[in-house]
Amino acid sequence: MAPASKADKKAAVDAAAWLFNVVTSVGIIIVNKALMATYGFSFATTLTGMHFATTTLMTAVLRWLGYIQSSHLPFPELLKFVLFANFSIVGMNVSLMWNSVGFYQIAKLSMIPVSCLLEVVFDKIRYSRDTKLSIALVLLGVGVCTVTDVSVNTKGFVAAFIAVWSTSLQQYYVHFLQRKYSLSSFNLLGHTAPAQAASLLLVGPFLDYWLTNKRIDAFNFTVPSLVFIVLSCTIAVGTNLSQFICIGRFTAVSFQVLGHMKTILVLILGFLFFGKEGLNLHVVIGMIIAVVGMVWYGNASSKPGGKERHSHSSRSSQQKHGSESSEIDEKV
């Protein structure tokens, strides 16, 4: 009974963490779209810096209250993470501006195979045939749903390449740092958020001016726009925290696969709230394929042999003792 109870508890916590991420991610998309479309606040990089500044304030308060214990993260590790994370943010913004929506979506889809490659190379992860096929099915379904016109140019391709690799490295590094230095999600945020806030608030206004030809100091800050900015920053605290929690529990690949569920939800909410224009047969088929792929992935990756980390010590020990146990060293 005890193992089953422990498994049920883990499943419940995993589901809660994922729901937290979905709610905050979809919420911030809606708020930011309103902020940019209705009030013309197009300073995406600076807004992200504000998000991390708010997150830094939250971690400082929690540390003062005693909810976050002191921890250590070497400066070189922090620097690498901040570089990956900031290149991800800037790369995504530039990629969206320079590429068609179709190619932007293809670039986002390519993060899953890149994340798989990082796990195979650095963590010696091996995927079963079913796990690989389920990932392919998710990619197919989301591609059918979202990819429309596809056009690309050289600078757009470079921006997308930087965005994909930096985002994949940043998400891999979240899991890596939590595991290597035994950091909780709050602790890791406490280390990374201040550095990201400072760097993005310093670079953001100049980058946003380059991208939009608009200066943030010339923006007309009204009470409604300030309310939406505060709301965006508040929700971002939950988004940042939930991302670290989910990657820490699921790994970067699982986070990417499950992350496309948010794409499906955003599409469904768009159809519900903004009418059925664009809701056609191929979009519905794509949604069904993607959801089936996600369910299949969850089932395949959780089975023995679905997704495993192998080590030389495990295999040599098995050969020495003639054990009948499997070759897996650690289930991911």
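Contact, in this tour, means heavy atoms within 4.5 Å. The structure on display is a predicted model.

**The whole chain**

Begin with the entire chain selected. Among its contacts between residues at least 6 apart in sequence, 84% join residues at least 24 apart. Colour the chain by secondary structure next: 11 helices and three strands will appear. Read from the N terminus, the elements follow the order α-α-α-α-α-β-α-α-α-α-α-β-α-β. A surface representation may then be switched on. The accessible surface of the chain amounts to about 17200 Å², and carbon and sulfur atoms account for 69% of that area. Of the 332 residues, 46% count as buried.

**Helix 2 against helix 8**

Select residues 44-65, which form helix 2, together with residues 185-212, which form helix 8. The two axes come within 7 Å of each other and cross at roughly 150 degrees. Angles over 145 degrees count as roughly antiparallel, and helix 2 is therefore roughly antiparallel to helix 8. The crossing of helix 2 past helix 8 is left-handed. By class, the residues of this contact comprise 15 nonpolar, 10 polar and two charged.

Now centre the view on A53, a residue of helix 2. Which residues does A53 touch, leaving aside its neighbours within four places in sequence? The partners are A197 and L201. Along the chain, A53 and A197 are 144 residues apart, yet their C-alpha atoms are separated by 5.0 Å. The relative accessibility of A53 is 31%, so this residue counts as partly exposed.

**Helix 3 against helix 8**

Keep helix 8 selected and replace helix 2 with helix 3, residues 75-98. Here the axes come within 10 Å and cross at roughly 30 degrees. Angles under 35 degrees count as roughly parallel, and helix 3 and helix 8 are therefore roughly parallel to each other. Helix 3 passes helix 8 in a right-handed crossing.

To display the contact, show the side chains of the following residues:

- on helix 3: L78, F81, V82, A85, N86, I89, V90, N93, V94, M97 and W98;
- on helix 8: H191, T192, A195, Q196, S199, L200, L207, W210 and L211.

Sorted by class, this contact of helix 3 with helix 8 holds 14 nonpolar and six polar residues, and no charged ones.

Remain on helix 3 and select S88, which lies within this helix. Is S88 buried or exposed? With a relative accessibility of 9%, S88 counts as buried, because the cut-off for that class is under 20%. When neighbours within four places in sequence are left aside, S88 is in contact with S166 and T167.

**Helix 4 and helix 5**

Proceed along the chain to helix 4, residues 101-109, and helix 5, residues 111-123. Their axes come within 4 Å and cross at roughly 20 degrees. Helix 4 and helix 5 are therefore roughly parallel to each other. The residues to highlight are A107, K108 and L109 on helix 4, with M111, I112 and P113 on helix 5. Five of the residues in this contact are nonpolar, none is polar and one is charged.

**Two loops beside helix 8**

Return to helix 8 and examine the loops that adjoin it. Most residues other than glycine have a negative phi. The next two selections have positive values.

Select S182 first, in the loop between helix 7 (154-181) and helix 8. Phi of S182 is near 55 degrees, a positive value in a residue that is not glycine. The relative accessible area of S182 is 65%, so S182 is exposed.

Then select N213, in the loop between helix 8 and helix 9. What is the phi of N213? The angle is positive, about 60 degrees, although N213 is not a glycine. N213 also counts as exposed, because its relative accessibility is 59% and the class begins over 50%.

**Helix 9**

Finish with helix 9, residues 223-274, and select L265 within this helix. At 29% relative accessibility, L265 counts as partly exposed. Add M287 to the selection and draw a distance between the two C-alpha atoms. L265 and M287 are 22 residues apart in sequence and 9.5 Å apart in space.

Methods. Residues are numbered from 1 along each chain as its sequence is written. This is a predicted model: local features need pLDDT of at least 70, side-chain atom pairs count only at pLDDT 80 or more; totals for chains, interfaces and linings use all residues. Side-chain values use heavy atoms; hydrogens and water are left out. Axes are lines fitted to C-alpha atoms, for helices over the stretch in contact, and angles run from 0 to 180 degrees between N-to-C directions. Angles under 35 degrees count as roughly parallel, over 145 as roughly antiparallel, 65 to 115 as roughly perpendicular and the rest as oblique. A crossing is left-handed if the near helix is turned anticlockwise from the far one by less than a right angle, and right-handed if clockwise. Ala, Val, Leu, Ile, Met, Phe, Trp, Tyr, Cys and Pro count as nonpolar, Asp, Glu, Lys and Arg as charged, and the others, Gly among them, as polar. Buried means under 20% relative accessible area, exposed over 50%, partly exposed in between (1.4 Å probe, protein chains only). Accessible areas come from the Shrake-Rupley method with a 1.4 Å probe; for residues, only the protein chains shown count as cover.
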